[in-house]
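Hi everyone, thanks for coming. I'd like to walk you through one structure today, so please have a look at it on the screen.

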Amino acid sequence: LYHRHRRQQFLQGLATVHAGRGNPLPPALTGVNLQGYDPLTSQWNVLELTPDPGYIRFAAKDIDLFRLFQVVTAAGGSRKITDEHRWADLFTMFEIAPEMAKVLASYYLNILSPLEDAIMRRQQQQQQQQQHQQQQIHLPGVPPQPSQPSGSRTQFDNAAPPVQQHQPPPQAQPPPPQPLQPPQLVSGPIHAPPQVARSASSGSLALPSTEHASDPVMDPEAETRKRKLAIDEDAKRSRQKTGTSDPSAPPAPPSAPASASTSTMPSPSSTQGPRRRRVEYRPLLREIDTDAGRDLQAIQAEQRRYMAGAGGCRSLDDWGALEIDALTMSLRSRIALELSYALTTLTILSIMRNGPSGFPIHQCPDLLDELLDLAEETAFGDAPDTRDEPLPDEIVTQKELVQAILDDANALFSSDPPQGRKPPQAGPFQRPADILLCITNILRNLSLVPDNRDVLARHERLMPVCMRLCGVRRDAPALLLRAACPAFSLTDLVSARRDVLYLLVNLGHAVLLAPNLTQPATPSATRTAQRVFDLVAAYLLEPGPLSPYTLMLSSGARTPPPLPDAALEVLTRFALPDQNRKTLARAVPISHQRALFANLVHRLPLSDADFHVLREEAWLAHVERAIMALFALAFLAPPALKRAYRADTTLGVPRLLLRLVKRFTVGVSQQFRVFYSVCARRVVETLKVLDDAADAFEIAQATGPALAFGMGYGDAEEAEGDKGDGLLAGFQEDVLWGVMMQKEVSQDEFMFHELESLARVG
C-alpha cells in the first residue's frame, strides 16, 4: 500500500510539472485528468501507451516510468549519466538493447527529466533555508554589546534577530523587539556558556572581549550538542509530537554560577511558554483499482501466473466431471439461459485438448443430434430442403458477396428491413445468427480431433445441414444477393461459409456420398455434392492472371491466400473417393466444371519468376494442389468435355502441361529435384486422363473400380497394352529427347510408360 501511494504521488507530480510547463501528459499515462490536454495537437501522440497508467510500450516491452525514475536518480541523475555515457549499461536491467538505449534516454529526458529538475530545485531551496536558519539561531536574552572605541562595527552589528524554534500561542507572543541599546559596562570578566561562543569569521555570535575580560575557550562537543538539539527540535515538529523535552537529547552543560559582577542569561524554556498541541485526522482509505467492479490487475496477474506455470490451453482434466446428459437437456429445452450455458460450455470443451485428443463427440451421439436439430430449427424452421439455384449457369463468388456487403453498407435509404436482424418478438433470446455461428464454430473445432473425424464425416445429417447454411439466393426483381438461410445476413453468411470450408478441409477425405459405385446417390447427397462444388468454386473463380508470382504481388504476402488454398485442399480431398467422383460428375453442371478447370489452368506457373517463387514450400504445395485439382476435374469430365479441353486453343492445355513436365524434370538442381518430381508425375497423370476418350465410370462399372488419384495408368496391371489417342504426338521430339531421356524419368517405370503412350498414336 505504501508503494502504491508513492507511485500515485509520483504520477501526480509528473502530471503537475508538465501541466505547469504548458504541455500536459496524456491522462492514460499518468492517470490524472488535467485541463489543457488535446490529443490532436499533443506531441505525446508518438508514445505507445498501455492499459495500466505509468507504463509506456517501448521495444515490445512495458517500461515502468516510476521504476525508471528511481533507477536513474539512484545512479546520480540524468546529467551525471549523460556525462559518463552510462545509459546503455543502466538500461540492461530493463532488457533494452544497447542500440535502443539512446532512444529510451531521449524518452526519459523529455518525460521524466523536468520532474527530476523540479525535485532538485526544491531540495536546494530547503537546504538554503536550513543553512540560513542555522546562521540566525542564538539563545534569547543575550544583551547586545557596545561598539568598540575605535568606532568600527562590532560582531553584534552583523547578527540577525533570534529565530524561535517553537512559537508560543498567540496570547503568549512576546512584545516586538526594541532597538539595540548599548549595555552598561561592568567590572570583571563576562562568562558565557560554551555553546554561545562561536568564531566571528563564520558570522555567528561571540561576546567581545574587554581590557579586563579573558577570551572564552571554544568547546567542540558543546557545538555538536547544540546543533543536534536544533535538528531534534525540527524533527519533533515535523512528526507533530508534543512534550516538554526530548529524552534522546543530551543534557545541556551547566552554566556558570551567577554573581553580582556577572551577567546571567535566561534559558529558552523560560521565555517560550507552553507548546501548542496539534491534532491531525487522517482517515483510513481503501484504494480499489477496478473497472466496472472487476479488478483488472488481479485478473492479469492470475493470467500471467497461469501462463508462466502451465501455458497454452487448459486440459480437459481441469474441468473435472461434466454431465453430458445435462448439456443435452439444456440444448433441448430451448430456454435462453440454458442455451447460452450449453453453447458456451461446448465452445470451451471443443478447444480444450488432452494431449493429441480432445472432446470425444463420437461418444456423445445424442449431443451431436441435438446440436444439429438446434441448427436446423433455428435456421430454417420446418421448411423442407430443396435445391434453389441462384441463376442458371452461375456461381456466386466470394468477391461478389463481399461487394454486396459493401453496397448494402453504403446504401443511404432502404425500404426493405435488413435480413438477419433479431426479430422484435424474439424477447430475451440471442440473435438466431449468433446461435448458428456458434454451432458451426463448435463443429469446426471438433473436427480437428482425429478421433471425431470419421464420426462427423459419416453422420447422415451433418454435411447436408452445414452445406444448406452456405446457400445463396437472389431476390427478384432487383436480383440482390441474399443468404438462403433467413436468419443470416450477408456478413453472417461469409463467416459461416469460412467455418464450413475449414470443416471440409478436416472431413473431406472421409465423406462418402454413396455406399459404392453401383448404388446411386440419394437426392440429399446429390444436393450436398453440388453445394460443396459451388462453395469451392466461389473461392477459386477470380478474374485475371492467377499465377504464383502474380498472386504474391497482389496479396503482398509470402504465402498463398489462405481461403483459395483451403478450397483447393477441399476439392482434392473431397473428390478422392470414387463414389464422390461419380456423384460430382452427375450433380455438377458442365459449365461449372469447365469454368473451374480454366481457372485452375491459369493458376499454374508459366514464367521464370513463377518458378522462382516455387522455391518456397508453401507456394510449391499450392501449385501441387492446383495440379491435383486439375486431375480430379479431368477425371469427372465426360468424353465430350475432355475433347473440349484438348481442343481449346485459348488454354493450350497439352502444350502448357508438357512445358511444366520439362521445367520440373530438365535442368533442376539436386536440392529441388525430389520435390519437383512429385509435381511432374501429377502433371503426366492429368495428361493421361485427358488423353483417354472413354468415360471412366462406365469402364469402372464394366471392369472394376476406377483408378484412385495418384495411381496413374502406368500402375495398372495391363500397362503394356495401354494405348491412347496420342495427345503429345505432335511433341514427340520434346517428349523423347527432352523428358524421357532424363535419368530420373527413365528410372521411374510407370511415368516412362505413360509418357510413351502419350507420344504415340494407336
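Let me begin with a term: when I say salt bridge, I mean a side-chain nitrogen of Lys or Arg within 4 Å of a carboxyl oxygen of Asp or Glu. Before we use it, some housekeeping. What you see is a predicted model, so local features need pLDDT of at least 70 and side-chain atom pairs count only at pLDDT 80 or more, while totals for chains, interfaces and linings use all residues. Residues are numbered from 1 along each chain as its sequence is written, and side-chain values use heavy atoms, with hydrogens and water left out.

Okay, the overall picture. The protein chain has 32 helices and four strands; those are DSSP runs, numbered from the N terminus, with helices being H or I of at least four residues and strands being E of at least two. Of its 762 residues, 40% are buried. Buried here means under 20% relative accessible area, exposed means over 50%, and partly exposed is in between, using a 1.4 Å probe and protein chains only. About 43,100 Å² of the chain is exposed, and carbon and sulfur atoms supply 54% of that. Those areas come from the Shrake-Rupley method with a 1.4 Å probe, and for residues only the protein chains shown count as cover.

What about contacts, meaning heavy atoms within 4.5 Å? Among contacts with a separation of 6 or more, 75% are between residues 24 or more positions apart.

Now back to salt bridges. How many does the rule give us? The count is 25. Take Glu-95 and Lys-61, whose side chains meet with N to O at 3.3 Å. Glu-95 sits in the loop between helix 5 (87-90) and helix 6 (101-111), and Lys-61 is in strand 2 (residues 61-64), so this pair ties together parts that are 34 residues apart in sequence. Glu-95 is exposed, at 58% relative accessibility, while Lys-61 is partly exposed at 28%.

Next up, Glu-376 and Arg-461 form a salt bridge at 3.0 Å, N to O. Here the pair links distant parts of the chain, 85 residues apart: Glu-376 is in helix 13 (residues 365-380), and Arg-461 is in the loop between helix 16 (450-458) and helix 17 (462-469). Glu-376 is partly exposed at 28%, and Arg-461 is partly exposed at 22%.

Then there's Arg-681 with Glu-685, where the closest N and O atoms are 3.6 Å apart. They are four residues apart in helix 28 (residues 670-691), so about one helical turn separates them. Both of them are buried. Shared partners also join salt bridges into one network, made up of Asp-373, Glu-376, Asp-385, Arg-461, Arg-468, Arg-527 and Arg-531.

And how many disulfides does a search of the whole structure find? Zero, where a disulfide is a pair of cysteine sulfur atoms within 2.5 Å. Look at Cys-466: the closest cysteine sulfur is in Cys-470, 7.4 Å away, so it's too far for a bond. Cys-466 is buried, at 3% relative accessibility, and Cys-485 is buried too, at 0%.

One last stop: Ser-113, in helix 7 (residues 113-136). Is Ser-113 buried or exposed? Its relative accessible area is 10%, so it counts as buried. Leaving aside neighbours within four places in sequence, Ser-113 is in contact with Ser-78 and Tyr-108.

Methods:
Contact means heavy atoms within 4.5 Å.
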